[in-house]
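The following paragraphs lead a new reader through the structure shown here. They move from the overall form to a single strand and then to the interior.

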Amino acid sequence: MTTALTAAAITGIGESQFGRSVDRPLARLVLDACRAALDDAGLTASEIDGVVAAGAYPGPDEVSVALGIDRTYTASPGIPAGAGPLAAVETARAAVESGRASTVLVYYGYAGSKPGGPYGFHAQDPVKASLEMPFGWYGQPVYFAAWAQRYCHTYGLDTDELGSIAVSNRMWATMTPGAQRPKPLTEADYLSSPMIASPLRAADCCLISDGAGAVVVTTVERARDLARIPVVVAGSSTVAVGPSMTSYFTQAEDMCSFGSAVSGPRAFAEAGLTPADVDVAEIYDCFSISQAIQVEDLGLCGRGEALSFHRDGHTRPGGSLPVNTHGGHLAYAYVPGIVHVVEGVRQLRRERGA
C-alpha cells in the first residue's frame with residue numbers, strides 16, 4: 001500500500017564490473033552501471049529528467065552528456081561513503097514526490113584500489129594529519145578496532161566471536177554470482193586469518209574494490225507500467241552524527257552505537273513498520289563490528305546480542321533473518337552502500353532464488 005508520503009519506487013538497478021585494480025576508468029564503470037539500470041527499467045536516457053550523484057566523481061554534467069540525458073533536476077545528498085547512496089535514493093524520492101522530477105537516475109562509483117584507496121580521504125583532515133597520524137592513530141582498521149574492543153569490553157564478549165559475522169556473510173557470497181570473495185570461510189579459517197588491527201582480522205575487513213552501481217527512481221504509478229516489479233521506498237531517514245566524519249570514528253562519545261540508532265526508528269515509523277516486520281536486511285559492513293552494532297541499533301536483536309545472533313545462524317541461509325544476502329562489503333564488493341540498495345531491490349523482486 002502506498003500513501004502520499006510513499007509515492008516513489010525503484011524501478012531499475014544496475015552494477016558495473018567489480019574487482020581490485022579493475023583495468024577500466026571509474027567514469028566508464030559508472031556509465032556501465034547507469035546503462036544497466038536504464039536497461040533494467042526498460043527506459044531510455046531521454047526519459048530521465050533528474051540525476052542524483054551520490055559521489056563527487058564523475059559529476060552529473062559528464063554523466064548526463066555521456067548518456068544523452070536532458071535533465072531538469074540535479075542534486076547530491078552531500079553525504080560521503082556508506083550513507084551517501086542511500087541518502088541519494090532519499091533525495092531522488094523527495095524530487096519525485098514533490099514533482100520536481102518524474103524519473104531520476106541515482107549513481108555511485110568508487111575506486112578503492114591504489115593509488116589513494118580508502119586511506120586517502122581521511123588524510124586530508126589537518127587535525128588528523130597533525131594530532132592523530134603521527135602517533136599511529138590512523139586508518140579505518142585501527143578506528144574500527146577501537147570500536148570492536150569497546151563493544152566486546154562493554155558486553156563481556158570474546159573478540160573471536162566477531163568471526164560469526166564474517167562466516168555468515170561469506171556463506172551468502174558463495175551463492176552470489178560475481179562476488180569478489182566466494183570461497184567458503186569456516187570458524188577455523190577465520191581464526192587463522194591474519195590480524196590487521198587487534199581484534200580485527202583480515203576476514204573482518206571489507207574488500208578493496210573498484211566499481212559502480214545505479215538505480216532509477218520514479219513514481220509508483222509509472223513504475224507499474226515499466227518492465228520490473230516496483231520496489232516502493234516506504235521509509236527512509238538520514239541523520240547527522242555530530243562531529244565531522246573524519247573525526248567521528250576516533251572521537252565519538254558512544255562507541256557502541258551509530259547514527260542508525262536514530263535514523264532506523266525514524267524510517268520504520270515513516271513506513272508504518274517495526275523491526276519485527278523485516279524479512280531480510282542489508283546492513284553496511286565496512287567491518288564486522290559495523291554490522292554487529294547496526295543490527296542492534298535497528299532493533300533486529302537486543303543490545304550485546306549481535307554476535308550470538310549471527311553465531312546461532314539467524315543471519316545465514318535458512319536463518320530467521322537473512323543479513324547481507326549477497327555477501328556484503330566483506331565478501332561481495334566494497335562499493336559503499338549502493339550494492340546493498342541493489343541487493344535489497346533484487347530480494348524484494350524475488351529474483352535471488354534460494
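**From the whole chain to its core**

This is a predicted model. Its protein chain contains 14 helices and eight strands. The radius of gyration is 20 Å, close to the 20 Å that the globule rule gives for 354 residues, so the chain is as compact as a globular protein of that length. Along its principal axes, the C-alpha trace spans about 55 × 45 × 40 Å. Of the 354 residues, 55% are buried. Among contacts with a separation of 6 or more, 73% are between residues 24 or more positions apart. The chain exposes about 14900 Å², of which carbon and sulfur atoms supply 55%.

Strand S1, formed by residues 8-15, offers a way into the interior, as eight of its eight residues are buried. Seven bridges join S1 to the antiparallel strand S7, residues 210-219, and here Gly-12 stands opposite Val-216. Strand S8, residues 231-232, also runs antiparallel to S1 and is joined to it by two bridges; in this pairing Ala-9 stands opposite Val-232.

In soluble globular proteins, nonpolar side chains tend to be buried together. The largest nonpolar core in this model has 77 residues, and those with the most contacts inside it are Ile-10, Phe-144, Val-215, Val-217 and Ile-289. Helix H5, residues 140-155, gives the most to this core, with seven residues. A second, separate core has 24 residues, including Leu-31, Ala-41, Leu-43 and Leu-226.

Val-217 shows how distant parts of the sequence meet: among the residues that Val-217 touches are Ala-8, Ala-9, Ile-10, Val-89, Val-96 and Val-104.

Definitions and conventions: Residues numbered from 1 in each chain as written. Predicted model: local features only at pLDDT ≥ 70, side-chain atom pairs only at ≥ 80, totals over all residues. Heavy atoms only, no water. Buried < 20%, exposed > 50% of the residue type's maximum accessible area, 1.4 Å probe, protein only. Helix = DSSP H or I, 4+ residues; strand = E, 2+ residues; numbered from the N terminus. Pairing = 2+ DSSP bridges. Core = buried A, V, L, I, M, F, W, Y, C linked by side-chain atoms within 4.5 Å. Contact = heavy atoms within 4.5 Å. Rg over C-alpha atoms; globule rule 2.2 N^0.38 Å. Areas by Shrake-Rupley, 256 points an atom, 1.4 Å probe, with all protein chains shown as cover. Lists of a residue's contacts leave out its neighbours within four places in sequence.
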